[in-house]
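Welcome! Here is a short briefing to help you find your way around this structure. Have a look at the sequence and the model first, and then we will walk through some of the details together.

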Amino acid sequence: MIDEDRSALPTHGVPAERVLAEVRELRAMDRPTHGGRLFAYVYDPAVPGLDDLAGAAYAESAHVNGLDPTAFPSLLAMENALVGAAVRLLGGGPGTSAPDAVGSVTSGGTESLILAVKAARDARPDIAAPRIVVPASAHAAFAKAAHYLRVELDPVPLDPETLRPAVADVAAAIRPETVLVACSASSYAHGVVDPVERIAEVAAAAGVRCHVDACFGGWTLPYLRRLGVPVPAFDLAVPGVTSISVDLHKYAYAPKGVSVLLHRDPGLRAPQYFAYADWPGYTMINPVIASTRSGGPIAAAYATLRHLGDDGYLELTRRTWAAVRALADAVRGVDGLRLVAEPESTVVCFTATDSGPDLFVLVDELAGRGWHTQPQLTYAGLPRSVHLTVTAAVAPRVAEFGPALAEAVTAARAAGPVALPPELLALAGSLSPEALTADLVAGLAAGLGLAGGDGGALPDRMAPVNTLLDAAPPALRERLLVEFVSLLQRPTY
């Protein structure tokens with residue numbers, strides 16, 4: 001029996017006003033995307049009118065199809081303008097060491113990284129079993145690219161003090177089958193910039209491409225440098241850097257999802273394309289993974305960049321950096337917490353001292369006070385931590401965060417750590433992913449409050465879930481998360 005109040009395809013159409021009211025009602029379940037209280041997933045500049053402008057530009061081009069630039073030259077013009085802006089910001093263009101830099105607009109950082117790996121792989125058809133070398137802190141999208149493209153991933157461990165890979169370890173990881181070496185500027189988890197110059201140097205010496213994942217930090221690092229912050233060389237100005245990616249839906253503050261992948265010259269980009277003519281339909285030529293692409297996100301990004309301008313981004317970065325420093329001071333001022341790394345970009349990452357609170361409980365306590373942070377699990381000797389992505393919208397709220405953090409720490413101490421049954425923790429530490437059964441997963445989910453099937457109901461507090469995942473090795477974490485999310489993603493009728 002179909003519930004007409006829940007079906008996306010009711011028997012009779014629903015008036016527009018009611019549909020919009022339903023969407024707004026559903027959106028009320030979400031974390032707040034504006035207001036400076038969400039430290040992950042969204043990027044808010046707090047610029048009045050910018051959402052309306054981007055939304056209007058999106059609507060103007062929502063039905064334009066990026067599949068054929070000859071049919072829709074407006075989209076081609078806007079893409080070229082966005083690529084040109086990224087090239088100029090990231091050390092390329094006329095008068096630089098990368099005068100012929102070119103690029104493509106993608107749907108996001110993951111697609112940019114997949115395409116960077118594809119271009120490197122397809123440029124070496126002589127290598128039967130290609131490999132890529134990445135720091136352990138590299139974005140998980142590299143692992144996704146390796147999985148999709150059947151490329152072996154060679155992660156390089158991090159120095160636990162610097163949170164960066166040792167250049168000697170990167171050099172040692174390069175094999176004859178290596179087609180790409182990657183580094184981050186900055187890393188997502190901790191916000192530190194890898195030693196790009198030296199990594200690019202060892203990659204070039206081995207005759208291997210070097211990609212810089214600047215999806216997270218690429219739009220702010222150049223402006224931080226202009227503000228006097230010591231930012232190491234990381235972009236196309238570095239010899240040996242063959243490609244670089246930057247997300248415009250992050251610190252360029254464009255709506256989701258727009259990223260730019262740049263290559264030093266057209267020859268390096270060429271293997272990125274896919275073309276196919278051996279069928280009776282139109283000849284397919286795609287610079288990116290998707291064929292049909294809505295012009296909406298590209299037009300919205302174009303409008304955003306044009307409206308904010310270079311001076312606007314400089315000012316937004318100034319506000320963001322001030323917020324970063326103030327948040328770091330707030331962490332330093334709370335007994336039981338410490339910074340994982342001194343901030344270098346737009347990330348504040350902290351952990352607990354030996355006498356500090358349970359961080360997963362702390363995250364829940366902060367959420368209960370309206371502050372939404374991102375917990376990070378232990379990894380290879382690195383402690384569990386809390387990640388704060390800082391945007392310009394955070395600046396006006398910084399003074400409120402310090403007292404809220406101290407109050408949440410006091411509450412987390414009073415609550416004490418999550419106490420899962422010892423046998424459950426032992427099981428998480430010893431169970432292999434292959435040993436998980438549907439009944440076992442369902443039992444775990446029920447015990448943790450993950451009630452799938454009812455529109456994806458979630459528990460009020462995530463500390464028990466995070467504690468269980470933290471006790472499991474990465475392979476089991478992956479399988480558990482797949483099964484948990486599968487339970488949540490059920491059709492409604």
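A word on names before we start: helices (H or I, at least four residues) and strands (E, at least two) are DSSP runs, numbered from the N terminus. With that in hand, we can place Leu262 in strand β7. Please keep in mind that this is a predicted model.

**A strand residue and a covered helix**

- Leu262 counts as buried because its relative accessibility is 0%, and buried means under 20%.
- The C-alpha atom of Leu262 is separated by 6.6 Å from that of Ser104, although the two residues are 158 residues apart along the chain.
- Helix α15 spans residues 463–471 and includes Asp470.
- This helix is mostly covered, as seven of its nine residues are buried.
- The buried residues of α15 are Ala463, Val465, Asn466, Thr467, Leu468, Leu469 and Asp470.
- For Asp470 the relative accessibility is 12%, so this residue counts as buried.
- Which side chain does the side chain of Asp470 meet in a polar contact? The partner is the side chain of Arg384, at 2.8 Å.

**The second largest pocket**

- Rolling a probe the size of a water molecule over the atoms shows where empty space is left.
- In the second largest pocket, that space comes to about 400 Å³.
- The lining of this pocket has 17 residues, and those nearest its centre are His34, Asp51, Ala254, Pro255 and Lys256.
- Which helix gives the most to this lining? Helix α2 (residues 50–61) does, with five residues.
- By character, the lining residues divide into nine nonpolar, five polar and three charged.

**Aromatic rings**

- A pair of aromatic rings is described by the distance of the centres and the angle of the planes.
- The model has eleven aromatic pairs, counting rings of Phe, Tyr and Trp whose centres lie within 6.5 Å.
- One pair to look at is Tyr188 with Phe216: the ring centres are 5.2 Å apart and the planes stand at 75 degrees, so the pair is edge-to-face, a label for planes over 60 degrees apart.
- Tyr188 lies in the loop between β4 (178–184) and α7 (196–205), while Phe216 lies in the loop between β5 (209–213) and α8 (221–226), so their pairing ties together parts that are 28 residues apart in sequence.
- Are the two partners buried or partly exposed? Tyr188 is partly exposed, with a relative accessible area of 23%, whereas Phe216 is buried, with 4%.
- Both residues belong to one aromatic cluster, formed by Tyr43, Tyr188, Phe216, Tyr251 and Tyr253.
- Elsewhere, the ring of Trp371 has the charged end of Arg37 sitting over it, 4.1 Å from the ring centre.

**Backbone details in the loops**

- Most residues other than glycine have a negative phi, and most peptide bonds are trans.
- Where are the cis peptide bonds described here? One runs from Ala185 to Ser186, with omega near 0 degrees, and another joins Lys256 and Gly257, with omega about -10 degrees.
- Ser186 is part of the loop between β4 and α7, and Gly257 is found in the loop between β6 (243–247) and β7 (259–263).
- Ala46 is a residue other than glycine with a positive phi, near 55 degrees.
- This alanine, Ala46, sits in the loop between α1 and α2 and is partly exposed, with a relative accessible area of 43%.
- Arg150 also has a positive phi, near 55 degrees, and is not a glycine either.
- The place of Arg150 is in the loop between α5 (140–149) and β3 (152–156).
- With a relative accessibility of 76%, Arg150 counts as exposed, a label that applies over 50%.

**A glycine in the loop before α2**

- Gly36 lies in the loop between α1 (16–27) and α2.
- At 7% relative accessibility, Gly36 counts as buried.
- How far apart in space are Gly36 and Ser243? From C-alpha to C-alpha the distance is 33 Å, and in sequence the two are 207 residues apart.

Methods
Residues numbered from 1 in each chain as written. Predicted model: local features only at pLDDT ≥ 70, side-chain atom pairs only at ≥ 80, totals over all residues. Heavy atoms only, no water. 1 Å grid on protein atoms, 1.4 Å probe; cavity = no way out; pocket = protein on both sides within 12 Å on 5 of 7 lines; lining within 4 Å. Points joined across faces, edges and corners; volume = space filled by probe spheres on them. Nonpolar A, V, L, I, M, F, W, Y, C, P; charged D, E, K, R; others polar. Phe/Tyr/Trp six-rings, centres within 6.5 Å; stacked < 30°, edge-to-face > 60°. Buried < 20%, exposed > 50% of the residue type's maximum accessible area, 1.4 Å probe, protein only. Lys NZ or Arg CZ within 6 Å of the ring centre and 35° of its normal. Polar contact = N/O pair within 3.5 Å; in protein donor to acceptor, adjacent residues only side chain to side chain.
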